Each structure stands twice: as C-alpha cells, then as structure tokens.
Amino acid sequence: MAFSAVDSEILSPLVTTARMRSVFSDMARVAAMLSAEAALARAQASLGLAPAELADAIAAIDPASMDLGALGMATGVSGVPVIPFVKAVQQRLPRELEPSFHKGATTQDIADTALVLQMRDAFMALRADLLPTLDGLARMASAHRATPCAGRTYGQHAAPVTFGFKAAVWLTGIADVAGRLHEVERRSLVVSLGGPVGTLAGLGDKGPAVLEEMAKALGLAAPPIAWHVRRAAMAETAAWLAMLCGALGKFASDVESLASTEVGEVAEPPMPGRGGSSAMPHKRNPVSATVILAAAGAAPPLASTVLASMVAAHERPAGAWHAEWHALPQLFALAAGALAEGRRLAEGLVVDPARMAANLDLTHGLLFADAAAARLAALCGREAAHAIVERAAGIVRDTGTPLLDALLALDGLPPGADRTLLAPAFDFAPSVAAAATFVDRALAHAATVRSRIAQT
C-alpha cells in the first residue's frame with residue numbers, strides 16, 4: 001500500500017526519478033547505516049578502541065542479507081530502525097568482535113549519518129539534471145535573444161520584451177538556487193557522532209579524535225559539537241529543495257500559460273502518448289509543467305515540517321527529529337521529479353516565433369503605450385502625457401484602431417505631437433536591444449554559476 005505518490009508504483013514514475021527512489025530506498029538506508037558503523041569501527045581501531053578486524057567484518061555484511069520486513073516489524077516496537085539494525089548486525093559478527101560494535105554511539109548518530117550519506121548521493125543525482133537544465137535554458141535564451149514577444153504583467157500585455165529575455169529570467173531564477181548548492185552541501189554533509197547526550201563520554205578523552213577519524217573515513221565534515229538537536233542544516237536543505245521546486249515552478253507556470261490555446265507561443269516537447277486525454281483525443285496537455293507545479297505546491301509545507309523540527313527539547317526530542325523522516329525524503333523525491341521535467345522542457349521546448357509576432361499585434365499597439373507617453377511627456381509633462389495616452393487606449397480597446405492613429409486623431413494634443421514625434425515610439429528595436437542586453441548579462445551570470453557547480 002502506498003500513502004505517498006513518491007512511493008506508489010503507479011504514480012512515482014510521474015513525480016520522481018528511479019535514481020532518487022533508489023537513493024532513499026530501505027536497502028540504501030541499511031547500506032548507509034552499515035557504512036556509518038564500519039567508519040565508526042575504523043576510527044576507533046585507529047585509536048586502539050576496537051579490534052582492527054571489526055570494520056572489515058561490518059563492511060563485509062551484504063545489505064541484501066538483512067530482512068527488511070523483520071527490521072520493520074521490530075522498528076514498530078523499538079521506535080527507531082537503528083535498534084533492530086544493531087541487533088541484526090551483532091548476529092552476523094564473530095563473537096569476539098561483537099562487544100566492540102556500536103561502541104560509544106547512539107541510535108541517532110547512525111540514523112543521521114546514514115541520512116547524510118543518502119543526501120550526498122541525492123545531491124549528486126540532482127546535479128545530473130541541474131547542469132543540463134541550465135545549459136538548455138542558456139541555449140534557449142541565446143537563440144531567442146532578439147525574438148520579440150509580449151511582456152505580460154497581471155496576465156495582460158504590458159510592453160515588448162524578447163523570448164530570450166523570458167528564458168533568461170527562468171535561467172537566472174534556477175541558477176540563483178543552484179548557486180547555493182555548494183554551501184548547502186558544505187553545511188549539511190556532516191557526520192553525526194555524539195553518543196547518548198552528545199558528549200561522547202563513553203569514549204573518554206578520545207571522543208573528539210574518534211569523531212574526526214569517522215568523518216575522515218566517510219569523506220564528511222566533523223561538527224564542533226553534536227547536532228542531534230541542532231537541525232539548521234536539515235532545515236536549510238529542506239528550504240533549498242523547496243526553493244528549487246519554486247524556481248522550476250516559475251518556469252513551468254510560464255510554460256503552461258504560453259502553451260494555452262489562446263496564446264500558443266510554446267509547446268512542450270512532443271512525445272507519443274504524452275499529454276493526452278481519456279475523453280478528448282485532440283488534447284496535448286502540459287504534463288511536464290503540471291508535474292513541476294505540483295511539486296512546487298507540495299514542497300513548502302514539507303519544508304515547514306523540517307523548520308518546525310528545529311524546536312528540539314534538551315538533548316533528544318520526542319517527535320521533532322522523527323517528523324523529518326516524513327519530509328526530507330519526499331522533498332528530495334519531488335525536487336528530482338521536478339528537475340527531470342524541467343530538464344525536458346529546457347532541452348526540448350517548442351518555440352513559435354511566428355505566433356509571438358502575431359500576438360504582438362493583438363492589442364493594436366498598446367504595448368507601446370509607455371514609450372508613446374514618454375515622447376509626449378517631453379511636450380506636456382508626464383501626468384498630462386499619461387492622461388492623453390490613456391484616452392487613446394480607450395479608443396483602441398473600443399474600436400480596434402491602432403494606438404498611433406488613435407493618438408493622432410485626439411483633440412487637444414500639445415503642439416509638436418505629430419507622426420514624426422510619435423511613430424518612433426512604436427519601433428521594436430529599442431525594446432529588443434534593451435532585453436538583449438540583459439540576456440547577455442544573465443548568460444554570463446549563469447555561466448559563472450554553472451562553472452562553480454561543475455567544479456564542486
């Protein structure tokens with residue numbers, strides 16, 4: 001039985017990726033816990049606190065040999081999965097090594113370290129789609145750097161931009177979030193080892209050294225003090241994943257609108273059988289945009305769960321830490337699904353410049369109202385110019401007369417307000433040039449971000 005779309009055999013191929021499901025599978029969790037225990041044993045052996053053979057004996061245990069069903073039943077009794085896991089490992093160790101196993105650690109140490117190891121793999125999985133998404137949007141912005149289209153505010157035509165400018169906004173929004181990834185990883189990929197109350201008193205004066213050696217063995221950072229109840233790094237990770245879904249959601253929201261029948265300026269990449277309707281054979285629904293928007297809607301409440309978990313009582317909370325178990329894997333799953341669909345759009349969005357050109361004419365020059373008012377303002381002041389253009393715009397809406405003709409036909413125009421003055425306001429070239437300038441800036445910025453991500 002599945003209580004979440006990301007766990008459903010039917011729905012998960014739509015909302016997440018197979019790779020991310022694998023990262024957070026129960027088998028991957030067991031493997032990560034084994035890695036954490038082996039690293040702990042190796043660290044202790046280097047300091048004379050455990051037999052040298054213990055780490056290899058733990059590492060030799062096949063995660064597939066664990067009975068997941070039995071672990072689950074026992075977890076329902078113990079309250080945490082590490083307790084039955086520890087017992088299962090003990091049963092597989094040579095008798096002489098068993099007393100040194102899990103020495104000095106507590107259940108949360110192994111659970112959190114395993115989570116961090118899974119998160120490291122999850123971040124790598126996201127990178128695999130993140131860089132191609134940035135690349136695809138960069139190509140789109142560059143290719144349509146000077147393709148005129150309508151800029152829209154409140155869903156209405158506002159002033160001309162270029163489609164490359166729109167793509168550059170999408171690109172920069174996602175790059176803004178992507179550029180934070182390295183710092184998120186740096187603060188979250190930290191080993192957990194504190195023992196029962198965080199002091200590692202059970203290891204005597206060698207506690208800090210074991211902590212450092214365990215971190216080194218796993219390729220993780222070592223914290224200055226236990227983070228059992230310091231959950232800022234997990235909260236930051238959750239917020240970052242929600243922001244990634246949100247940035248992709250901005251992209252998807254525009255695509256969904258631009259792909260509507262009435263607008264028709266873009267279409268999702270064609271794929272046999274994708275986007276159809278059980279009732280309407282002509283439909284080509286925006287599936288990628290839908291998946292992304294669903295993730296963008298679901299992610300913030302999940303992130304708030306992790307933020308709320310920062311309120312953790314004393315040295316170990318009841319419930320706060322456990323609430324993260326519901327939220328963090330789902331956030332990674334949703335982000336992976338949204339990013340995979342974002343990559344599909346970035347690499348294959350079908351763009352229709354001819355439809356953009358046709359749509360520019362829908363409002364009969366109203367897109368240039370601001371430019372026309374600016375030219376009139378030189379003759380009669382800004383407020384009077386605005387009022388004149390507003391009167392002319394009413395005529396355009398009522399009659400379909402082009403704005404330039406409606407302006408020239410008005411009574412009471414200031415001296416000098418003739419076609420020679422006003423006609424240049426209806427030239428696309430200044431708007432295109434202005435938009436293209438910012439496309440170039442955005443491309444340079446995104447290239448810097450991409451380079452930084454690729455190097456880390």
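Contact, as the word is used in these legends, means heavy atoms within 4.5 Å. The model shown in every view is a predicted one.

**View 1. Surroundings of Ser 192, a residue in the loop between helix 9 (181–188) and helix 10 (207–218).** Leaving aside residues up to four places away in sequence, Ser 192 touches Gln 108, Asp 109, Asp 112, Thr 113, Met 214, Trp 227 and His 228. With one of these neighbours, Asp 109, the side chain of Ser 192 makes a polar contact, side chain to side chain, at 3.3 Å. The relative accessible area of Ser 192 is 1%, and because buried means under 20%, Ser 192 is classed as buried.

**View 2. The largest pocket, with a volume of about 970 Å³.** The lining of the largest pocket is made up of 29 residues, and those that lie nearest its centre are Phe 24, Asp 26, Arg 29, Trp 325 and Pro 329. Two or more lining residues come from each of helix 2 (18–23), helix 3 (26–46), helix 5 (68–78), helix 7 (107–143) and helix 13 (320–348). Among the contributors to the lining of the largest pocket, helix 13 gives the most, with eight residues. Sorted by character, the lining of the largest pocket holds 16 nonpolar, seven polar and six charged residues.

**View 3. The second largest pocket, with a volume of about 550 Å³.** This pocket is lined by 17 residues, of which Leu 366, Ala 369, Asp 370, Val 389 and Ala 393 are the closest to its centre. The elements that supply two or more residues to the lining of the second largest pocket are strand 2 (156–162), helix 15 (369–380) and helix 16 (382–399). Helix 16 gives the most to this lining, with six residues. By character, the residues that line the second largest pocket divide into nine nonpolar, four polar and four charged.

**View 4. Confidence along the model, with residues 275–282 as the stretch where the pLDDT is below 50.** For the protein as a whole the mean pLDDT is 93, and 97% of its residues reach 70 or more. Over residues 275–282, by contrast, the pLDDT is below 50, and this stretch has seven contacts in the model beyond near neighbours in sequence.

Technical notes: Residues are numbered from 1 along each chain as its sequence is written. This is a predicted model: local features need pLDDT of at least 70, side-chain atom pairs count only at pLDDT 80 or more; totals for chains, interfaces and linings use all residues. Side-chain values use heavy atoms; hydrogens and water are left out. On a 1 Å grid over the protein atoms alone, a cavity is a set of points where a 1.4 Å probe fits but cannot get out, and a pocket is an open set with protein on both sides within 12 Å along at least five of seven lines; lining residues have an atom within 4 Å of a point. Grid points are joined across faces, edges and corners, and a volume is the space filled by probe spheres set on the points. Helices (H or I, at least four residues) and strands (E, at least two) are DSSP runs, numbered from the N terminus. Ala, Val, Leu, Ile, Met, Phe, Trp, Tyr, Cys and Pro count as nonpolar, Asp, Glu, Lys and Arg as charged, and the others, Gly among them, as polar. Buried means under 20% relative accessible area, exposed over 50%, partly exposed in between (1.4 Å probe, protein chains only). A polar contact is a pair of N or O atoms within 3.5 Å; within protein, one must be able to donate a hydrogen and the other to accept it, and residues adjacent in sequence count only if both atoms are side-chain atoms. pLDDT is the predictor's confidence in each residue, from 0 to 100.
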